[in-house]
Amino acid sequence: MESSTVRGNWSGRVGFVLAAAGSAIGLGNIWMFPYRAGQYGGAAFVFVYLGAVVLIGLPLLNSEILLGRATRRNPVGALRLLSPGTGWPVVGWLGVIAGFVILSYYGVVAGWALDYTWMAASGQLFSSTSGSMSGAFEKLAANGPRQVWWQGLFMLATIFIVSRGVEQGIERTGKILMPLLFGIVLVLLGYSLTSDGVERGLEFFMRPRFSELGWQGALAALGQAFFSLSLGMGAMITYGSYLGEDESLPGSVAMIAVADTALAILAGLVIFPLVFTFNLEPSAGPGLVFITLPQAFAMMPAPAFLASLFFLLLIFAALTSAVSLLEVAVAFLVDEFKFSRVTASVGAGAIIFCLGLPSALSEGFLDHVDALASNWLLPVGGLCTALFVGWSLDRAAARKFYAAGGSGRGFEMFHFCIKYLAPVAVGVILLQNTWPVISGLFAG
Ligand code: PHE
């Protein structure tokens, strides 16, 4: 097919799985997951999250990849091809927009990791502030230009990789960085599991405290599953569009989800024992990785080495995810408007960089954009995708797309989850969270 040479393709299954795992494993696993588990009742949050991954995440991941694979198009083009003359392509648009929104602040947080790696490796992080890591973080958060500089550097790297293409850029990066990432995690795990706080850390992380969860925690766990698996905004549709019809889906999908979940749990296992070893606050929120953890490093032997290693891990994870966020916009521009890949990467990347400036320059803005994206845009996008695959696409077509390249085993279960379970679960949680807003409107 002529268009596939222009659009690009994965070299094979391994390349695809590593690239998709690279998209899934990111700041969501290492930065967000542990702090949210810390805030919302430890294992109580983890249970809801695991449930969401299995019952909603897996079927949606399957759905997105099969939509991309069957159409070989970006999210907008995919829905238009399958459902011409309807409103469904709007869901694709929503995804492209979500990609812009998420990458705008994602680049800023990744920039913090670059700053920390630099500060740690050059010895500045642990020298001046005599252990006050909140001081170090506040200084960075208050320094707009410094954040913009690192964000810009990170965006340049992302643009560079995407502009090199699917196989030469994205796949190759995943193949190099994913194994390195797991290696670093194992080294850090060695430190944490032999630290004094290991028992208390595990107890905090592994014991469910349902009273701390609440509806808000449940929504956060669902949003976490979407965000972490890169669902609800077409990233996996886009990655699926570079996958050959001869590759079986369910096995690859399971590998991606297992790798992503494992890395989130491993991040918790690295962080909490260290936090307890030095009697620090485990439910510190977003500052857990940037304030609390460096505080723990500061009290260990070779803090600069450990901190550099940890933040390097964060950068690797963030980069392979950022690449997938940008790729959604690039595939859209290349397919729909016939831009060259390089022009599309540079153009979309530059716009996203500018959109991220408020997140870098004004404190607190980032949290709002993050909440908008992970609590609303992604669940709504996921809900619409489930409704499309479950109700609009006819069952025979869904079965054909699902089974291509494999035996089609598990289709019934998949279809049940995507048709009933996912829409109901996502709908209930969204409603529950919209209710205060709606009832507020009528109360006045
Ligand atoms: N999954 C990525 C993470 O966990 C973020 C992401 C979301 C990437 C949506 C692509 C699409 O950090």
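Me: Before we start, what counts as a polar contact here?

Reply: A polar contact is a pair of N or O atoms within 3.5 Å. Keep in mind that this is a predicted model.

Me: Then why is the approach of glycine 28 to the ligand called a polar contact?

Reply: A polar backbone atom of glycine 28 is 2.8 Å from an oxygen atom of the ligand. That is within 3.5 Å, so the pair counts as a polar contact.

Me: What makes asparagine 29 and serine 230 qualify too?

Reply: For asparagine 29, a polar side-chain atom lies 3.4 Å from a ligand oxygen. For serine 230, an N or O atom of the side chain is 3.0 Å from a nitrogen of the ligand. Both values are within 3.5 Å, so both pairs qualify. As for burial, the ligand taken alone exposes 320 Å², and the protein buries 100% of that.

Me: How do you know which residues belong to the shell around the ligand?

Reply: Each has a heavy atom within 4 Å of the ligand. That gives 15 residues, with Ala24, Gly28, Tyr106, Phe227 and Ser230 the closest. By class, seven are nonpolar, eight are polar and none is charged. Helices H2, H3, H11 and H15 each supply at least two of them.

Me: Why is the pair of phenylalanine 290 and phenylalanine 311 called stacked?

Reply: Their ring centres are 5.8 Å apart, which is within 6.5 Å, so they pair. The angle between the planes is 25°, under 30 degrees, and therefore the pair counts as stacked. Phenylalanine 290 lies in helix H14 and phenylalanine 311 in helix H15, so the pair ties together parts 21 residues apart in sequence.

Key. Residues numbered from 1 in each chain as written. Predicted model: local features only at pLDDT ≥ 70, side-chain atom pairs only at ≥ 80, totals over all residues. Heavy atoms only, no water. Polar contact = N/O pair within 3.5 Å; in protein donor to acceptor, adjacent residues only side chain to side chain. Areas by Shrake-Rupley, 256 points an atom, 1.4 Å probe, with all protein chains shown as cover. Helix = DSSP H or I, 4+ residues; strand = E, 2+ residues; numbered from the N terminus. Nonpolar A, V, L, I, M, F, W, Y, C, P; charged D, E, K, R; others polar. Phe/Tyr/Trp six-rings, centres within 6.5 Å; stacked < 30°, edge-to-face > 60°.
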